[in-house]
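This briefing introduces a protein model with a bound ligand. Please keep the sequence and the structure in view while reading the points that follow.

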Amino acid sequence: MLALLLARRRVRVTLLEMHHDFDREFRGDTVHPSTLEILDQIGLAERVHELRNSKISGPTLQTTRGPFTPFDLRRLKTKYPYILMVHQKDLLALLTEEAKKYPYFQLLMGANVTDLIREDGAVRGVRYQTDDGVHELRALLTVGADGRFSRVRHLAGIDPVRTSPPMDVLWFRLPHLNEDIDAPGGAFGGFARGHIVGGFDRRDYWQAAFVIAKGSYPSLRAEGIEGLRRHIVQIEPRLAKHVESLADWQQVSLLSVESSCCLQWYLPGLLLIGDAAHAMSPVGGLGINYAIQDAVVAANLLTVPILDGYVTIDHLKAVQRKRQWPVRIIQALQTQLQKRVIATALRAEEQQGLSIPWFVRAFTRIPLLRDIPPRIMALGVVRVRVKN
Ligand SMILES: Cc1cc2nc3c(=O)[nH]c(=O)nc-3n(C[C@H](O)[C@H](O)[C@H](O)COP(=O)(O)OP(=O)(O)OC[C@H]3O[C@@H](n4cnc5c(N)ncnc54)[C@H](O)[C@@H]3O)c2cc1C
């Protein structure tokens, strides 16, 4: 997104991606209203809606006292009152196709950043490895947008302050069947006996997630794949036939959940954004949307200095200053949800239904208050707009 926004404003950008395609690791499918508004501002909202998608405006949870809808995005004042579920590889293909229309943009796939070029106390580019050897790329500004295990961050010697999310996620596909489960809003979910299962409709198949307590993967794996099948069906009996397709652990990816924030997001000539600056846990499906907001703010604040050929530490500091507090607020909310809801669910030893405390039910009935959390989640702590 940052490369596209800069190229639109005539900044020469080279985007390095270590993989040969975008379909390598799961990084989230939830395109929130905040991101849809940003895509609308740059004329891409219609095209993103043409990608294979499903829409979620408010999940319904099955609880001990009947169905419960914790939030409803349809009440928000936005052109896009829903979360658009789009396969991330399709979204990235759309953004890079759009960026390629600008002569200032270059995409290098299979280009793995291995080192920073440092001169006179500043970062002046990167060294990267491709199939045909090591190359150098010099730049006025290097941006590390390389995710939660950021190599650029490590090379820069910046250490993130880590919080410890209580969970990891197993990620796998389940087939659609003739007699399929009914999932309002295209998603299902539930928990029992220390595990959480959830999934959403990717039209050709169900994309499923099985949330486990951090570090518990080896013991689960020791139970064999039939153990995983059994746990899933205990939570969601309607998946009994679907899980028969899980025959091997190779069909299941373990996604390690990280959450952290760097105290400083920059060095002379270098800026970190997205998960590289603040790794987001999957709670609320916020990470890609916060990474995109970082990209918009960075483009807004840095385009003119880059075009002038003079990017100072103060310019980079301004990006962190603007983004850091919305990130901190949202990470604090994620931590509370992890501690109070997810950790509790992962500790539950008995088969038990989801019980919602009375004050939460009461809160969701108060018109003035009930839309505050979904508003923050869907539109961001502050609304970010693209400067043209
Ligand atoms: C299990 C799990 C589930 C999640 N679910 C969701 C969700 O549903 N919705 C949501 O919004 N967020 C979700 N998140 C969070 C989300 O994945 C991140 O916050 C988001 O992807 C951050 O975007 P990013 O661009 O900063 O980094 P990434 O999306 O991680 O992208 C980094 C890119 O850099 C590339 N790269 C890495 N190292 C190098 C290198 N050395 N050289 C060149 N390229 C490199 C990678 O290949 C990758 O393409 C989830 C996170 C986890 C762990």
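**Cysteines, ligand and strands**

Cys262 is buried, with a relative accessible area of 0%. The structure is a predicted model, and the points below cover its cysteines, the surroundings of its ligand and the pairing of strand E16.

**Cysteines**

- Cys261 is also a buried residue, and its relative accessible area is 7%.
- Why do Cys261 and Cys262 not form a bond? The closest cysteine sulfur to that of Cys261 belongs to Cys262 and is 6.5 Å away, which is too far for a bond. A disulfide requires the two sulfur atoms to lie within 2.5 Å.
- Cys262 accordingly takes part in no disulfide, and the count of disulfides by this rule is zero.

**The ligand and its shell**

- The ligand is surrounded by 30 residues, and the closest are Glu17, Arg27, Thr30, Asp275 and Ile288.
- By residue class, the shell around the ligand consists of 13 nonpolar, ten polar and seven charged residues.
- Strand E1 (13-17), strand E8 (112-119) and helix H8 (287-308) each contribute at least two residues to this shell. H8 gives the most, with four residues.
- Backbone atoms approach nitrogen atoms of the ligand at two residues named here: a backbone N or O atom of Met18 lies 3.1 Å from a ligand nitrogen, and a backbone N or O atom of Val113 lies 2.9 Å from a ligand nitrogen.
- At Gly287, a backbone N or O atom lies 3.1 Å from an oxygen atom of the ligand.
- The ligand taken alone exposes 1000 Å², of which the protein buries 89%.

**Strand E16 and its partners**

- Is strand E16 (residues 205-213) mostly covered or mostly uncovered? Strand E16 is mostly covered, since eight of its nine residues are buried.
- Strand E13 (residues 167-175) pairs with E16 in the antiparallel sense over nine bridges. Within E16, Ile212 is the residue that stands opposite Asp168.
- Strand E15 (residues 195-201) also pairs with E16 in the antiparallel sense, over six bridges. Val197 has Phe210 in E16 as its bridge partner.
- E15 and E16 form a hairpin with three residues between the strands, and in this hairpin Arg203 takes a positive phi near 65°.
- As a general point for reading such strands, side chains in a regular strand alternate between the two faces of the sheet.

How values were computed
Residues numbered from 1 in each chain as written. Predicted model: local features only at pLDDT ≥ 70, side-chain atom pairs only at ≥ 80, totals over all residues. Heavy atoms only, no water. Near = heavy atom within 4 Å. Polar contact = N/O pair within 3.5 Å; in protein donor to acceptor, adjacent residues only side chain to side chain. Areas by Shrake-Rupley, 256 points an atom, 1.4 Å probe, with all protein chains shown as cover. Nonpolar A, V, L, I, M, F, W, Y, C, P; charged D, E, K, R; others polar. Buried < 20%, exposed > 50% of the residue type's maximum accessible area, 1.4 Å probe, protein only. Pairing = 2+ DSSP bridges.
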